[in-house]
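Visitor: I'd like a close look at a single part of this one, with enough of the surroundings to see where that part sits. Could you pick a spot and stay with it?

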Amino acid sequence: MLCIQFTFSKIEGVTDYLTTEISTSKQKKFSLVTFVDTPGLVDGDMKYPFDVNKSILWLGDLADLIFVFFDPIGQALCKRTLNLVEELNHKHAERIRFYLSKADEAGHESDRQRVMMQIVQELCKRPGLNRTGFDMPTIYVPNMNSKGSRCANQIEEVCKDIEKTINQTIQTTLNSLEKDCDQIAEMVKDKLAKDSVTASVNLKAKFQGALFGFIGMLLPLLLLATYLVSTKSQVVQVLGEDILATLSLYLGPLARGWQKVPAQYSQYVIIGIVGVALVMLLIAKFASSTKPTLSRKQKKSLLEIRDYVQNTVKSKKQKLYQEYLKQSVAEHDL
């Protein structure tokens with residue numbers, strides 16, 4: 001009811017005319033039924049304080065059954081009502097049921113037949129309501145005045161139809177519960193699998209970033225070392241002959257290559273090597289970028305949810321159905 005009121009609040013004026021009555025009866029699974037009585041519609045210049053058509057159509061999308069009651073006195077054959085019924089029938093033909101209400105007040109059998117024929121004729125004029133197998137049971141609430149009435153009261157059939165719909169809805173909901181549990185478990189499995197793939201991609205990205213970063217740092221160091229080796233006279237005093245000899249052994253080819261560079265171009269070569277090193281460092285930065293992954297706490301939480309859904313919620317399907325039967329049956333029916 002809170003959900004209905006919340007949505008109705010978006011339709012201006014509806015909540016001011018929304019009232020609720022609660023019954024504690026459990027007979028005929030009454031505790032599982034929510035009846036929504038909509039206002040009667042009339043033609044002419046009658047204006048409602050809210051968009052009544054929009055409200056009824058919205059309720060029709062939610063309801064499991066839609067009852068259309070034709071009053072034999074007013075006959076409820078106004079154009080506005082039939083337009084709305086036709087629109088509901090177009091979207092939810094399988095949910096709509098037509099009834100002649102207050103049938104005991106329609107007079108004799110001939111009068112009832114005349115009223116029903118008039119209603120059927122009006123309905124058949126509309127393509128959206130003209131369908132095969134049309135049925136309109138007669139119903140009324142028994143009272144002291146209707147005890148001697150010969151009118152067939154098919155209100156018990158209405159109760160059976162409601163009960164059948166309840167059973168189907170409950171079964172569908174429980175079946176949906178099982179499917180939803182499997183779907184949740186599958187979603188957790190997929191999420192963990194995707195996270196594992198992401199972690200693998202991140203590890204590869206970190207390795208590539210480290211490799212490019214190493215190359216970017218190595219080039220300036222090699223440049224500095226070869227430059228020192230190529231300028232022996234200026235470095236011997238600082239590093240000593242032994243260290244310089246070791247450097248010359250390993251970096252000799254690079255040093256000789258550096259010596260072959262003309263002096264006027266050495267500056268450009270240095271700038272080029274430094275530029276390449278900077279590019280490598282930039283590549284390392286972008287290559288090592290990683291995507292967010294689940295923490296251990298999040299993985300543990302997902303696994304707990306999956307286990308709970310599969311081992312606890314899913315296994316309660318039969319138990320919930322038994323509880324539903326106990327709650328919906330009155331004591332005198334046991």
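Guide: Sure. When I say helix or strand here, I mean a DSSP run, with at least four residues for a helix and at least two for a strand, numbered from the N terminus. On that reading, this predicted model has 10 helices and two strands, and their order along the sequence is α-α-β-α-β-α-α-α-α-α-α-α. The spot I'd pick is strand S2, residues 96-100, and what surrounds it.

Let's start with the packing. The largest nonpolar core has 28 residues, and those touching the most other members are Phe70, Phe98, Leu100, Ile119 and Met136. At least two residues of that core come from each of helix H2 (52-62), strand S1 (66-70), helix H3 (79-92), S2 and H4. For a general backdrop, nonpolar side chains tend to be buried together in soluble globular proteins. Now zoom in on Phe98. Leaving out residues up to four places away in sequence, Phe98 touches Val68, Phe70 and Val85, and also Leu129, Arg131, Phe134, Asp135, Met136 and Pro137. There is another core too, lying apart from the largest one: it has seven residues, including Leu65, Tyr99, Ile139 and Ile162.

Now for the charged side of the story. Side chains of opposite charge can pair when their charged atoms come close. Arg97 makes a salt bridge with Asp161, with the closest N and O atoms 2.7 Å apart. Arg97 sits in S2 while Asp161 belongs to helix H5 (residues 155-230), so the pair ties together parts that are 64 residues apart in sequence. Asp161 counts as buried because its relative accessible area is 15%, under the 20% cut-off. Arg97, at 23%, is partly exposed. Just ahead of the strand, Arg95 pairs with Glu94, with 3.8 Å between the closest N and O atoms. Glu94 is exposed, at 54% relative accessible area.

Step off the other end of S2 and you reach Ser101, in the loop that leads to helix H4 (109-124). Ser101 is buried, with a relative accessible area of 14%. Setting aside neighbours within four places in sequence, Ser101 is in contact with Phe69, Phe70, Asp71, Pro72 and Ile139. Two of those names have come up already: Phe70 was listed for the largest core, and Ile139 for the seven-residue one.

Before we leave H5, have a look further along that helix. Asp195 and Lys299 meet in a salt bridge, 3.4 Å from N to O. Lys299 lies in helix H9 (residues 296-313) and Asp195 in H5, so here the parts tied together are 104 residues apart in sequence. Asp195 is buried at 7% relative accessibility, whereas Lys299 is partly exposed at 33%. The structure holds six salt bridges, and the three I've described are among them. As for disulfides, the count is zero; Cys159 is partly exposed at 26%, while Cys181 is buried at 3%.

Finally, pull back to the whole protein. Of its 334 residues, 27% count as buried. Among contacts with a separation of 6 or more, 75% join residues 24 or more positions apart. The accessible surface comes to about 23,300 Å², and carbon and sulfur atoms account for 58% of that.

Notes
Residues numbered from 1 in each chain as written. Predicted model: local features only at pLDDT ≥ 70, side-chain atom pairs only at ≥ 80, totals over all residues. Heavy atoms only, no water. Buried < 20%, exposed > 50% of the residue type's maximum accessible area, 1.4 Å probe, protein only. Contact = heavy atoms within 4.5 Å. Core = buried A, V, L, I, M, F, W, Y, C linked by side-chain atoms within 4.5 Å. Salt bridge = Lys/Arg side-chain N within 4 Å of Asp/Glu carboxyl O. Disulfide = S-S within 2.5 Å. Areas by Shrake-Rupley, 256 points an atom, 1.4 Å probe, with all protein chains shown as cover.
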